[in-house]
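Open the model in your viewer and show it as a cartoon. The tour goes from the whole chain to its interior and then to its surface.

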Amino acid sequence: QVQLVESGGGLVQAGDSLILSCAASGRTFSNYAMGWFRQAPGKEREFVAAISRFSGIRYHGDSVKGRFTISRDNAKKMVSLQMNSLKPEDTAVYYCAAKEDSVAVQSSAYNYWGQGTQVTVSS
C-alpha cells in the first residue's frame, strides 16, 4: 500500500496563492493515479483535481479549473496542487488520495487517503 501526508495548508486572503504538497511512501509511487479532494463543514466531499500515473492526463473540477493546477514528481514521490486566485469558497480540508492504475474523479474510486490539511481563505 501507500501512505500519504499532506502539507502546505494555512490561512490566506482572497486572491492569494498557496501550494499544497502530498508526500507518499510505501509502494511504487508511479503505480498510482493521484487526486485531490476537499470537504467543507456540512458539505459533501468535492473533487478538485486528479492526475494519471505519468502526468499524461489531468482533470480539474469545474469550480477550480483555470485557477488550480495539479502536478506530480514520481522521482520525489510527491503530488502538488498549485492554487491561485483563492476565494473564500475554497475554504475546506484538502485531502490527497491515491488509487491503483487509471485516473478517476470519483472519490469512491480511491483507496488511500491522507489526513487532510486545512485551507482557510478570508475575504
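Buried residues make up 43% of the 123 residues in this predicted model. Keep the whole protein selected for now. Its C-alpha atoms fill a box of roughly 40 × 25 × 25 Å along the principal axes. The radius of gyration is 13 Å, close to the 14 Å that the globule rule gives for 123 residues, so the protein is as compact as a globular protein of that length.

Next, colour by secondary structure. How many helices and strands are there? The protein has 0 helices and 11 strands. Contacts come next: of those with a separation of 6 or more, 58% are between residues 24 or more positions apart.

Now go inside. In soluble globular proteins, nonpolar side chains tend to be buried together. Select Leu4, Met34, Trp36, Val79, Leu81, Met83 and Tyr94: within the largest nonpolar core, which has 29 residues, these touch the most other members. Then select the strands behind this core. Those that each supply at least two of its residues include β1 (2-7), β4 (32-39), β8 (78-83) and β9 (92-100).

Clear the selection and pick Ala33, Phe47, Ala50 and Ala97. These are among the 8 residues of another core, which lies apart from the largest one.

Finish on the outside by showing the surface. The protein exposes about 6,200 Å², and carbon and sulfur atoms supply 47% of that area. Select the charged side chains last. There are 13 positive and 10 negative ones, and the centres of the two sets lie 6 Å apart.

How values were computed. Residues are numbered from 1 along each chain as its sequence is written. This is a predicted model: local features need pLDDT of at least 70, side-chain atom pairs count only at pLDDT 80 or more; totals for chains, interfaces and linings use all residues. Side-chain values use heavy atoms; hydrogens and water are left out. A nonpolar core is a set of buried Ala, Val, Leu, Ile, Met, Phe, Trp, Tyr and Cys residues joined through side-chain atoms within 4.5 Å. Buried means under 20% relative accessible area, exposed over 50%, partly exposed in between (1.4 Å probe, protein chains only). Helices (H or I, at least four residues) and strands (E, at least two) are DSSP runs, numbered from the N terminus. The radius of gyration is taken over C-alpha atoms; the globule rule is 2.2 Å times the number of residues to the power 0.38. Contact means heavy atoms within 4.5 Å. Accessible areas come from the Shrake-Rupley method with a 1.4 Å probe; for residues, only the protein chains shown count as cover. Lys and Arg count as positive and Asp and Glu as negative; His and the chain ends are not counted. The place of a charge is taken as NZ of Lys, CZ of Arg, CG of Asp or CD of Glu.
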